[in-house]
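With the model open in your viewer, please follow the stops below in order, making each selection before reading on.

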Amino acid sequence: MTIEFASAADQWLESRCYQTPSALHGWLAGFLASGARLTAEAWISEAQDYLELEENADPALAALLFTMYEEMLEALSAEDMTFQPLLPEDDDADVDEQVDCLAEWSKGFLDGFGASGLASGKLPDDVVEVLRDLDAFSQATIDDPQDPQNPQLYLALTEHARVAALTVFYAFNKPAESVPGVVH
């Protein structure tokens, strides 16, 4: 099951979440990219806190959150580099909303990265650079909604954010050592 923004947004609405699916997806991406991991219970607790839920997640939301965690870790770890930020499709939102969600995703990534507590001290230069880029993306807005360049700019920013997440993940998540006869 691959999570789509529209179905996640519907579940968020039903569950009265106060953060968007993009923001939580970004948080989880940043947290996992730092090298941190959570148990299923700890993830649900973190997600509930970040979403500012007044009650525990209902079973449908909890199932979606478990899927999000598993798919995120798999996508970030995949050799084919197919990881994608969870953002609305063109059919579901105009470019203004898409940019807003990218900004929320970027802020979420930085929040999750910081929440892990694992990346303190001197960071590699390439990581510092992409974190600065994500900080800038977290403040992105559309100046002229009628500008025909907006969709192309949005796609370029989205691809940059995707590569930024992978850059951080690869910096802090080294592949397991290969030992003959041992499957990882």
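Begin by selecting R162, which sits in helix α7, and bear in mind throughout that the coordinates come from a predicted model. At a relative accessibility of 10%, R162 falls under the 20% limit and therefore counts as buried. If you display its surroundings while leaving out neighbours within four places in sequence, you will find R162 in contact with M81, F83, Q84 and P85. Now add S106 to the selection: R162 and S106 are separated by 56 residues in sequence, yet their C-alpha atoms lie 9.9 Å apart in space.

Keep R162 selected and add E159, with which R162 forms a salt bridge whose closest N and O atoms are 2.9 Å apart. Both residues belong to helix α7, where they are three residues apart, about one turn of the helix. The two ends of this pair are set differently with respect to solvent accessibility, since R162 is buried at 10%, whereas E159 is partly exposed with a relative accessible area of 36%.

How many salt bridges does the structure hold? There are three, and the next two selections show the others. In general, side chains of opposite charge can pair when their charged atoms come close.

Select D111 and K107, which form a salt bridge with their closest N and O atoms 2.9 Å apart. Because D111 and K107 are four residues apart in helix α5, which covers residues 95–116, about one helical turn separates them. D111 counts as partly exposed at 26% relative accessibility, and K107 is likewise partly exposed, with a relative accessible area of 46%.

Move on to K122 and D125, a salt bridge in which the closest N and O atoms are 3.7 Å apart. Here K122 is exposed, with a relative accessible area of 74%, and D125 also counts as exposed, at 61% relative accessibility.

Return to helix α7, which spans residues 150–172, and select N150, which is found within that helix. Is N150 buried or exposed? At 7% relative accessibility, N150 counts as buried. Setting aside residues up to four places away in sequence, N150 touches V95, I142, D144 and P145.

For the next stop, select helix α1 (residues 5–15) together with helix α2 (residues 21–33), which pack at an angle of about 105° with their axes 9 Å apart. An angle of 65 to 115 degrees counts as roughly perpendicular, and α1 and α2 are therefore roughly perpendicular to each other. To see where the two helices meet, display F5, A8, A9 and W12 in α1 against P21, S22 and L24 in α2. The residues of this contact divide into six nonpolar, one polar and no charged.

Finally, colour the model by pLDDT. The protein averages a pLDDT of 90, and 94% of the residues score at least 70. Then select residues 177–184, over which pLDDT stays under 50 and for which the model has four contacts beyond four places in sequence. Where pLDDT is low, the predicted coordinates should not be read in detail.

Note on methods: Residues numbered from 1 in each chain as written. Predicted model: local features only at pLDDT ≥ 70, side-chain atom pairs only at ≥ 80, totals over all residues. Heavy atoms only, no water. Axes fitted to C-alpha atoms, helices over the stretch in contact; angles between N-to-C directions. Parallel < 35°, antiparallel > 145°, perpendicular 65-115°, else oblique. Contact = heavy atoms within 4.5 Å. Nonpolar A, V, L, I, M, F, W, Y, C, P; charged D, E, K, R; others polar. pLDDT = per-residue confidence, 0-100. Buried < 20%, exposed > 50% of the residue type's maximum accessible area, 1.4 Å probe, protein only. Salt bridge = Lys/Arg side-chain N within 4 Å of Asp/Glu carboxyl O.
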